[in-house]
Amino acid sequence: MERGGIQKCDCGEWVVQRVAWTELNAGRRFFGCVNGRNGCNYFRWFDPPVCDNARGIICGLLRRIKEHENEIERLKAVHKNELQVLKRRSKWFKSVVFVVVFIFAYLML
Ligand SMILES: [Zn+2]
């Protein structure tokens, strides 16, 4: 059965459009079974093959995104440690302020 060029797979479900992110077909759209790898393995390309130039650009951009994601994770870990240090210092500072205020209040009496 077909609906506007979209078909049903062997599971009897409307196929879904997905995007391939492999090096060879980065960004290339295809139709597949809604049940994915657990389904009937229906597969049909929607887009024509990606030319070498576009494939190189897309793969380069994907590598840069991955590098930035790794840097974000590294910075999150660094700042997580810094945040814990600041929280400990803040707790210590609040304790000192409380003791000083308590001593002054005691001396004023
Ligand atoms: Zn299926």
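# A tour from sheet to helix

Begin at the seam: four residues of domain 1 are in contact with six residues of domain 2. Contact here means that the C-beta atoms, placed from the backbone, lie within 7 Å. This is a predicted model: local features need pLDDT of at least 70, side-chain atom pairs count only at pLDDT 80 or more, and totals for chains, interfaces and linings use all residues. Residues are numbered from 1 along each chain as its sequence is written.

**Stop 1: the two domains**

Colour 1–50 as domain 1 and 51–109 as domain 2. These bounds come from an automatic or database domain assignment. The domain centres, taken over C-alpha atoms, are 42 Å apart. Now look at the side of domain 1 that touches domain 2. By class, that side has two nonpolar residues, one polar and one charged. Nonpolar covers Ala, Val, Leu, Ile, Met, Phe, Trp, Tyr, Cys and Pro; charged covers Asp, Glu, Lys and Arg; the others, Gly among them, count as polar.

**Stop 2: the annotated stretch 9–49**

Select residues 9–49. UniProt places "domain: GRF-type" here, in an unreviewed entry. UniProt positions are given in the numbering used here, feature names are shortened, and annotations may be inferred rather than shown by experiment. The chain over 9–49 is 0% helix and 27% strand. Its end C-alpha atoms lie 22 Å apart. Helices (H or I, at least four residues) and strands (E, at least two) are DSSP runs, numbered from the N terminus.

**Stop 3: the sheet**

Show strands 3, 4 and 5. They form an open sheet in the order 3-4-5, with antiparallel pairing. Two strands pair if DSSP finds at least two bridges between them. Which strands stand at the edges? Strand 3 (16–19) and strand 5 (43–45) do; each has a single partner strand, so one side of each is left without a neighbour in the sheet. From one strand to the next, the twist averages 30°. Axes for that angle are lines fitted to C-alpha atoms, for helices over the stretch in contact, and angles run from 0 to 180 degrees between N-to-C directions.

Go through the bridges next. Strand 3 and strand 4 (residues 29–32) run antiparallel and are joined by four bridges. Val 16 stands opposite Gly 32 in strand 4. Gly 32 also has a bridge partner in strand 5, Phe 43. Strand 4 and strand 5 pair over three bridges, in the antiparallel sense. As you rotate the view, recall that side chains in a regular strand alternate between the two faces of the sheet.

**Stop 4: Arg 18**

Pick Arg 18, in strand 3. Its bridge partner in strand 4 is Phe 30. Leaving aside neighbours within four places in sequence, Arg 18 is in contact with Phe 30 and Gly 32. Is Arg 18 buried or partly exposed? Arg 18 counts as partly exposed, because it has 16 C-beta neighbours inside 10 Å. The scale: buried is 20 or more other C-beta atoms within 10 Å of the residue's own, exposed is 12 or fewer, and partly exposed is in between, with C-beta atoms placed from the backbone. Add Asp 47, 29 residues away along the chain; the two C-alpha atoms are separated by 11 Å.

**Stop 5: the loop between strands 4 and 5**

Select Gly 36, in the loop between strand 4 and strand 5. Gly 36 is exposed, with 10 other C-beta atoms within 10 Å. Val 15 is 21 residues from Gly 36 in sequence and 9.7 Å away in space, C-alpha to C-alpha.

Asn 41 sits in the loop between strand 4 and strand 5. Check its backbone: phi is positive, about 70°, although Asn 41 is not a glycine. Asn 41 is partly exposed, with 13 other C-beta atoms within 10 Å.

**Stop 6: helix 1**

Move to helix 1 (residues 52–108) and pick Leu 86. Leu 86 counts as exposed, with 11 C-beta neighbours inside 10 Å. Draw a line to Leu 24: 62 residues apart in sequence, and 47 Å C-alpha to C-alpha.

Finish on residues 92–108. UniProt lists them as "transmembrane region", in an unreviewed entry. This stretch is 100% helix and 0% strand, with its end C-alpha atoms 24 Å apart.

Methods
Contact = placed C-beta atoms within 7 Å.
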